[in-house]
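Reader: Could you take me through the side-chain pairings in this model, with particular care for the aromatic rings and the charged groups? I would like one connected account rather than a list.

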Amino acid sequence: MDPKLTIDTTACRRCGTCCEQGGPALHHEDRPLLESGALRRRDLVAIRSGEPAYDQRQGRVVPASQEFLKLAGARGSWRCKFYDKPGGCGIYGQRPLECRLLFCRDTTPLEAVMGRELLSRRDLLAAADPALEWLAKLEQAVGYPEVMELLAGLDRQSSTEASLAALTSLVRADLSLRESFLRSFTERGDEEMFLLGRPLFLAIAPFGCRLVEGAGGTEMQYTRPG
Ligand code: SF4
(Lines give C-alpha, C1' and ligand atoms only; values in the text may rest on other atoms or scores of the structure.)
Protein backbone atom coordinates (compact mmCIF):
# COMPACT_ATOMS: atom_id res chain seq x y z
CA MET A 1 0.00 0.00 0.00
CA ASP A 2 1.19 3.54 -0.76
CA PRO A 3 2.46 4.83 2.65
CA LYS A 4 0.96 8.29 1.88
CA LEU A 5 -2.48 6.69 1.98
CA THR A 6 -1.92 5.59 5.59
CA ILE A 7 -1.39 9.17 6.88
CA ASP A 8 -4.31 10.22 9.05
CA THR A 9 -5.31 13.72 7.93
CA THR A 10 -8.00 14.06 10.60
CA ALA A 11 -5.67 14.13 13.61
CA CYS A 12 -2.64 16.16 14.72
CA ARG A 13 0.55 14.30 13.79
CA ARG A 14 2.52 16.27 16.39
CA CYS A 15 5.06 17.32 13.76
CA GLY A 16 6.02 20.37 15.86
CA THR A 17 5.69 22.92 13.04
CA CYS A 18 3.36 25.09 15.15
CA CYS A 19 5.65 24.86 18.19
CA GLU A 20 8.60 25.93 16.00
CA GLN A 21 6.71 29.07 14.96
CA GLY A 22 6.09 30.23 18.54
CA GLY A 23 4.39 29.38 21.80
CA PRO A 24 0.74 30.18 22.45
CA ALA A 25 -0.83 33.24 24.04
CA LEU A 26 -2.30 32.40 27.45
CA HIS A 27 -5.99 32.70 28.32
CA HIS A 28 -7.84 32.87 31.63
CA GLU A 29 -8.57 29.19 31.14
CA ASP A 30 -4.81 28.57 31.45
CA ARG A 31 -4.65 30.09 34.92
CA PRO A 32 -4.72 26.72 36.73
CA LEU A 33 -1.49 25.79 34.91
CA LEU A 34 0.20 28.73 36.63
CA GLU A 35 -1.45 28.05 39.97
CA SER A 36 -0.32 24.41 39.93
CA GLY A 37 3.25 25.32 38.95
CA ALA A 38 3.05 23.49 35.59
CA LEU A 39 3.93 26.89 34.12
CA ARG A 40 5.97 29.48 35.98
CA ARG A 41 6.25 33.20 35.41
CA ARG A 42 9.78 32.70 34.15
CA ASP A 43 8.30 30.61 31.31
CA LEU A 44 6.36 33.64 30.03
CA VAL A 45 7.05 36.76 28.04
CA ALA A 46 4.75 39.79 28.13
CA ILE A 47 3.84 41.42 24.83
CA ARG A 48 2.89 44.98 25.72
CA SER A 49 -0.04 46.82 24.19
CA GLY A 50 1.10 48.45 20.95
CA GLU A 51 4.25 46.32 20.74
CA PRO A 52 5.01 44.96 17.27
CA ALA A 53 4.22 41.24 17.29
CA TYR A 54 3.45 38.56 14.72
CA ASP A 55 -0.30 38.19 14.23
CA GLN A 56 -1.15 34.69 13.01
CA ARG A 57 -4.53 35.78 11.65
CA GLN A 58 -3.03 38.58 9.55
CA GLY A 59 0.19 36.69 8.82
CA ARG A 60 2.37 39.74 9.54
CA VAL A 61 3.90 41.83 12.33
CA VAL A 62 1.42 44.43 13.67
CA PRO A 63 1.13 46.47 16.90
CA ALA A 64 -0.56 44.28 19.53
CA SER A 65 -4.10 45.56 20.17
CA GLN A 66 -3.84 44.57 23.84
CA GLU A 67 -1.30 43.22 26.26
CA PHE A 68 -0.94 39.45 26.41
CA LEU A 69 1.36 36.75 27.74
CA LYS A 70 3.06 34.12 25.59
CA LEU A 71 5.13 31.08 26.39
CA ALA A 72 8.73 32.22 26.02
CA GLY A 73 10.92 31.09 23.15
CA ALA A 74 14.05 28.97 23.32
CA ARG A 75 17.52 30.47 22.99
CA GLY A 76 16.56 33.81 21.50
CA SER A 77 14.08 32.39 18.97
CA TRP A 78 10.28 32.19 19.05
CA ARG A 79 10.38 28.36 19.07
CA CYS A 80 8.44 27.36 22.18
CA LYS A 81 10.80 26.67 25.07
CA PHE A 82 8.92 23.44 25.80
CA TYR A 83 9.42 22.03 22.33
CA ASP A 84 12.13 19.46 21.97
CA LYS A 85 12.77 18.14 18.45
CA PRO A 86 13.01 14.42 19.15
CA GLY A 87 10.70 14.37 22.15
CA GLY A 88 7.96 16.83 21.12
CA CYS A 89 6.06 18.90 23.68
CA GLY A 90 7.62 18.71 27.15
CA ILE A 91 4.31 19.58 28.83
CA TYR A 92 1.91 17.80 26.49
CA GLY A 93 -0.48 16.68 29.25
CA GLN A 94 -0.61 20.24 30.61
CA ARG A 95 -0.29 22.28 27.44
CA PRO A 96 -2.20 25.58 27.25
CA LEU A 97 -5.61 26.08 25.65
CA GLU A 98 -4.39 27.30 22.24
CA CYS A 99 -2.12 24.25 21.88
CA ARG A 100 -5.01 21.93 22.69
CA LEU A 101 -7.22 23.64 20.10
CA LEU A 102 -4.69 24.03 17.32
CA PHE A 103 -5.02 21.64 14.42
CA CYS A 104 -3.32 23.03 11.33
CA ARG A 105 -5.78 21.42 8.91
CA ASP A 106 -8.72 23.14 10.59
CA THR A 107 -7.90 26.28 12.58
CA THR A 108 -11.56 27.18 13.23
CA PRO A 109 -11.55 26.14 16.94
CA LEU A 110 -8.33 28.11 17.56
CA GLU A 111 -9.57 31.18 15.72
CA ALA A 112 -12.70 31.19 17.88
CA VAL A 113 -10.62 31.97 21.00
CA MET A 114 -7.73 34.00 19.58
CA GLY A 115 -7.51 37.46 21.13
CA ARG A 116 -10.27 36.68 23.65
CA GLU A 117 -10.03 36.31 27.46
CA LEU A 118 -6.27 36.80 27.34
CA LEU A 119 -4.24 36.84 30.54
CA SER A 120 -2.19 39.94 31.31
CA ARG A 121 0.53 40.62 33.88
CA ARG A 122 -1.88 42.37 36.22
CA ASP A 123 -4.07 39.25 36.30
CA LEU A 124 -1.17 37.35 37.87
CA LEU A 125 0.32 40.01 40.15
CA ALA A 126 -1.03 40.92 43.57
CA ALA A 127 -2.39 44.49 43.79
CA ALA A 128 0.38 45.37 46.27
CA ASP A 129 3.23 43.82 44.26
CA PRO A 130 6.07 46.39 44.19
CA ALA A 131 6.97 45.28 40.67
CA LEU A 132 3.82 47.04 39.42
CA GLU A 133 5.59 50.35 39.93
CA TRP A 134 8.23 49.24 37.40
CA LEU A 135 5.62 48.33 34.82
CA ALA A 136 4.28 51.88 35.08
CA LYS A 137 7.79 53.40 34.93
CA LEU A 138 8.56 51.47 31.77
CA GLU A 139 5.26 52.45 30.17
CA GLN A 140 6.04 56.10 30.90
CA ALA A 141 9.67 55.97 29.71
CA VAL A 142 9.18 53.74 26.65
CA GLY A 143 5.72 53.85 25.10
CA TYR A 144 5.05 51.79 21.98
CA PRO A 145 2.91 54.42 20.18
CA GLU A 146 6.01 56.67 20.11
CA VAL A 147 8.25 53.74 19.11
CA MET A 148 5.97 52.87 16.16
CA GLU A 149 5.98 56.50 14.97
CA LEU A 150 9.76 56.57 15.09
CA LEU A 151 10.01 53.27 13.20
CA ALA A 152 7.79 54.77 10.48
CA GLY A 153 10.09 57.83 10.46
CA LEU A 154 13.10 55.64 9.65
CA ASP A 155 11.76 55.06 6.16
CA ARG A 156 11.39 58.77 5.39
CA GLN A 157 14.69 60.16 4.20
CA SER A 158 13.99 63.52 5.86
CA SER A 159 13.55 61.95 9.31
CA THR A 160 15.76 58.83 9.31
CA GLU A 161 18.57 60.38 11.33
CA ALA A 162 16.34 62.07 13.91
CA SER A 163 14.19 58.92 14.31
CA LEU A 164 17.26 56.75 14.82
CA ALA A 165 18.65 59.15 17.44
CA ALA A 166 15.31 59.13 19.28
CA LEU A 167 15.14 55.33 19.12
CA THR A 168 18.67 55.14 20.52
CA SER A 169 17.55 57.31 23.48
CA LEU A 170 14.56 55.04 24.10
CA VAL A 171 16.67 51.87 23.87
CA ARG A 172 19.12 53.34 26.38
CA ALA A 173 16.25 54.31 28.71
CA ASP A 174 14.80 50.79 28.42
CA LEU A 175 18.15 49.13 29.20
CA SER A 176 18.86 51.50 32.08
CA LEU A 177 15.46 50.85 33.64
CA ARG A 178 15.98 47.10 33.36
CA GLU A 179 19.36 47.37 35.06
CA SER A 180 17.79 49.31 37.93
CA PHE A 181 14.99 46.76 38.16
CA LEU A 182 17.45 43.86 38.33
CA ARG A 183 19.45 45.65 41.04
CA SER A 184 16.27 46.19 43.09
CA PHE A 185 14.81 42.72 42.52
CA THR A 186 17.79 40.37 42.26
CA GLU A 187 15.62 37.45 43.36
CA ARG A 188 13.16 38.08 40.49
CA GLY A 189 15.69 38.44 37.69
CA ASP A 190 14.35 35.31 35.97
CA GLU A 191 10.93 37.01 35.71
CA GLU A 192 12.24 39.99 33.72
CA MET A 193 10.57 38.95 30.44
CA PHE A 194 7.29 38.38 32.23
CA LEU A 195 7.39 41.64 34.20
CA LEU A 196 8.99 44.01 31.69
CA GLY A 197 8.51 42.19 28.40
CA ARG A 198 11.13 42.06 25.68
CA PRO A 199 13.90 44.66 25.69
CA LEU A 200 13.08 47.36 23.15
CA PHE A 201 16.15 46.61 21.01
CA LEU A 202 14.89 43.05 20.46
CA ALA A 203 11.33 44.13 19.67
CA ILE A 204 12.50 46.53 16.94
CA ALA A 205 15.17 44.25 15.43
CA PRO A 206 12.79 42.97 12.66
CA PHE A 207 12.50 46.59 11.43
CA GLY A 208 16.19 46.72 10.49
CA CYS A 209 17.43 48.16 13.83
CA ARG A 210 20.57 46.67 15.32
CA LEU A 211 22.15 47.36 18.69
CA VAL A 212 25.85 48.25 18.49
CA GLU A 213 28.45 49.64 20.84
CA GLY A 214 29.62 52.96 19.36
CA ALA A 215 32.19 55.48 20.58
CA GLY A 216 29.46 57.19 22.59
CA GLY A 217 28.07 53.98 24.06
CA THR A 218 25.08 51.87 23.08
CA GLU A 219 23.43 53.03 19.87
CA MET A 220 21.12 51.75 17.16
CA GLN A 221 22.07 51.22 13.54
CA TYR A 222 19.47 51.03 10.81
CA THR A 223 19.49 49.05 7.58
CA ARG A 224 16.34 49.34 5.49
CA PRO A 225 14.90 45.81 5.25
CA GLY A 226 15.35 44.52 1.68
S1 SF4 B 1 3.37 24.12 24.94
FE2 SF4 B 1 3.81 22.22 23.84
S3 SF4 B 1 2.27 22.10 22.21
FE4 SF4 B 1 2.29 24.21 22.96
S5 SF4 B 1 3.71 25.30 21.57
FE6 SF4 B 1 4.88 24.62 23.37
S7 SF4 B 1 5.76 22.65 22.76
FE8 SF4 B 1 4.08 23.10 21.32
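Author: A charge is taken to sit over a ring if NZ of Lys or CZ of Arg is within 6 Å of the ring centre and within 35 degrees of the ring normal. Lys 70 lies over the face of Trp 78 in this way, at 5.3 Å from the ring centre, and the charged end of Lys 81 is placed over the ring of Phe 82, 5.8 Å from its centre. The model is a predicted one, in which local features need pLDDT of at least 70 and side-chain atom pairs count only at pLDDT 80 or more, while totals for chains, interfaces and linings use all residues. Residues are numbered from 1 along each chain as its sequence is written, and side-chain values use heavy atoms, with hydrogens and water left out.

Turning to rings that face each other, those of Phe, Tyr and Trp (its six-membered ring) pair if their centres lie within 6.5 Å, and planes under 30 degrees apart count as stacked, over 60 as edge-to-face and the rest as tilted. By this rule there are three aromatic pairs. In one of them Trp 134 and Phe 185 meet edge-to-face, 6.4 Å centre to centre with 85° between the planes. This pair links distant parts of the chain, since Trp 134 is in helix H6 (residues 131–141) and Phe 185 is in the loop between helix H8 (160–184) and helix H9 (192–196), 51 residues apart; helices here are DSSP runs (H or I, at least four residues) and strands likewise (E, at least two), numbered from the N terminus. The rings of Phe 181 and Phe 185 have centres 5.1 Å apart and planes at 25°, so this pair is stacked. Trp 134, Phe 181 and Phe 185 thus form one aromatic cluster. Buried means under 20% relative accessible area, exposed over 50% and partly exposed in between (1.4 Å probe, protein chains only); Phe 181 is buried at 0%, and Phe 185 is buried at 8%.

For the charged groups, a salt bridge is a side-chain nitrogen of Lys or Arg within 4 Å of a carboxyl oxygen of Asp or Glu, and the count comes to 16 salt bridges. Among them, Glu 20 and Arg 79 meet at 3.9 Å, N to O. Glu 20 lies in helix H1 (residues 17–21) and Arg 79 in the loop between strand E4 (68–71) and strand E5 (83–84), so the pair ties together parts 59 residues apart in sequence. Glu 20 is partly exposed, with a relative accessible area of 32%.
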